[in-house]
Amino acid sequence: MQRRTFLASLGGLAAAGPAIAQEHDMGGMNGHGNHAVPPTNANPVLPEGHPLKELPRLSNQSAAPGVFKAKLAAEPGTMRFAEGLDTPVLLYNGTNPVIEAREGDKVEISFKNGIPGEPTTVHWHGMPVPADQDGNPMDPVASGGDRIYAFDLPEGSAAPYWFHPHPHGLTAEQVYRGLAGVFLVKPKDDPIPSEYGDTILMLTDLRIAADGTMPESTMADLMNGRVGDHVLVNGQKNPTMVVAVRCVADRANGIAFGNRRGLVHWRRQQHLHADRLCGAGWLSRQERHPDRGVRASEGR
Ligand SMILES: [Cu+2]
């Protein structure tokens, strides 16, 4: 079940489930121990048009109500963005899972830095978190080290956020190599039925070289900001999401445009007349073709 669609535009990668995180292909090794690469200097072609994958969730290890407790580790990994090319990346828990908690929850994240030779932190971007729990650049976790990040989610904090590393001098590289995740804080009293679910779209950009690796930033990148060559949604290029629009009008509460999997847009009534809008041409045309898909992304 899906519902409101959250957009998170991030610098890192979104790894939509373990299916994308590929094991290193040992069969590709040759006698010199080098990884085989295709004999071409062409830019890698990323597959497009596949069904949008949902981002995995970080599971709550606490059974106590109002408590979210989990383990998070920053580690090297490998992803396969283009056919036959392995891309070395950095990921949280191998998949960059979504952390979902609720207003009022106590959050306790046991974090381990598994990045060889580099300090890191976890910064809870935009969230109302005490300074000593917010992974600031002067509060690093050494390579191989760990710590607990603990904070409460106050009333009124419900929103989609993201988390990312913030070590001094290494933030940009650790983020573009993959470390970033969505933190969804749900409202305590949600007016929208939970059975509609959430669809999270995590937008990232990727620069990938002919051998599948991510090139280091150039001087121009450092001065102007780094922009990748491929825009990804949940780690995929131009995925498709079928949104067969259906209109549900409710005079008392407003108007909802949704599909069979749930709600995609919600509007309070205000001056709008829900029944009139539902009868409007552009909606009824969609209704006559309920299976016509709408692309979730058209690239840039
Ligand atoms: Cu930030």
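Select alanine 101 first: this residue stands opposite valine 185 in strand E9. The model is predicted, and the tour proceeds outward from this pair.

Extend the selection to residues 99-102, which form strand E4. Strand E4 pairs with E9 (residues 181-186) in the parallel sense, over four bridges. Colour the side chains of E4 by face: Ile99 and Ala101 lie on the covered face, whereas Glu100 and Arg102 lie on the uncovered one. In a regular strand, side chains alternate between the two faces of the sheet.

Next, display the whole sheet. It is open and has four strands in the order E4-E9-E8-E6, with mixed pairing. The edge strands are E4 and E6 (123-125), each of which pairs on one side only. From one strand to the next, the twist averages 25°.

Move to the E6 edge. Strands E6 and E8 pair in the antiparallel sense over three bridges. Select histidine 125 here; tryptophan 162 in E8 stands opposite.

Follow the chain from E8 (159-164) into the loop that precedes helix H1 (171-176), and select leucine 170 in that loop. Is leucine 170 buried or exposed? It counts as partly exposed, because it has 18 C-beta neighbours inside 10 Å. Then add proline 119: its C-alpha atom is separated from that of leucine 170 by 8.3 Å, although the two residues are 51 apart along the chain.

Finally, colour the chain by confidence. The mean pLDDT is 79, and 67% of the residues reach 70 or more. In residues 260-264 the pLDDT is below 50, and this stretch has 20 contacts beyond near neighbours in sequence in the model. Residues 280-300 also have pLDDT below 50, with 26 such contacts.

Note on methods. Residues are numbered from 1 along each chain as its sequence is written. This is a predicted model: local features need pLDDT of at least 70, side-chain atom pairs count only at pLDDT 80 or more; totals for chains, interfaces and linings use all residues. Helices (H or I, at least four residues) and strands (E, at least two) are DSSP runs, numbered from the N terminus. A residue is buried if 20 or more other C-beta atoms lie within 10 Å of its own, exposed if 12 or fewer, and partly exposed in between; C-beta atoms are placed from the backbone. Two strands pair if DSSP finds at least two bridges between them. pLDDT is the predictor's confidence in each residue, from 0 to 100. Two residues are in contact if their C-beta atoms, placed from the backbone, lie within 7 Å. Axes are lines fitted to C-alpha atoms, for helices over the stretch in contact, and angles run from 0 to 180 degrees between N-to-C directions.
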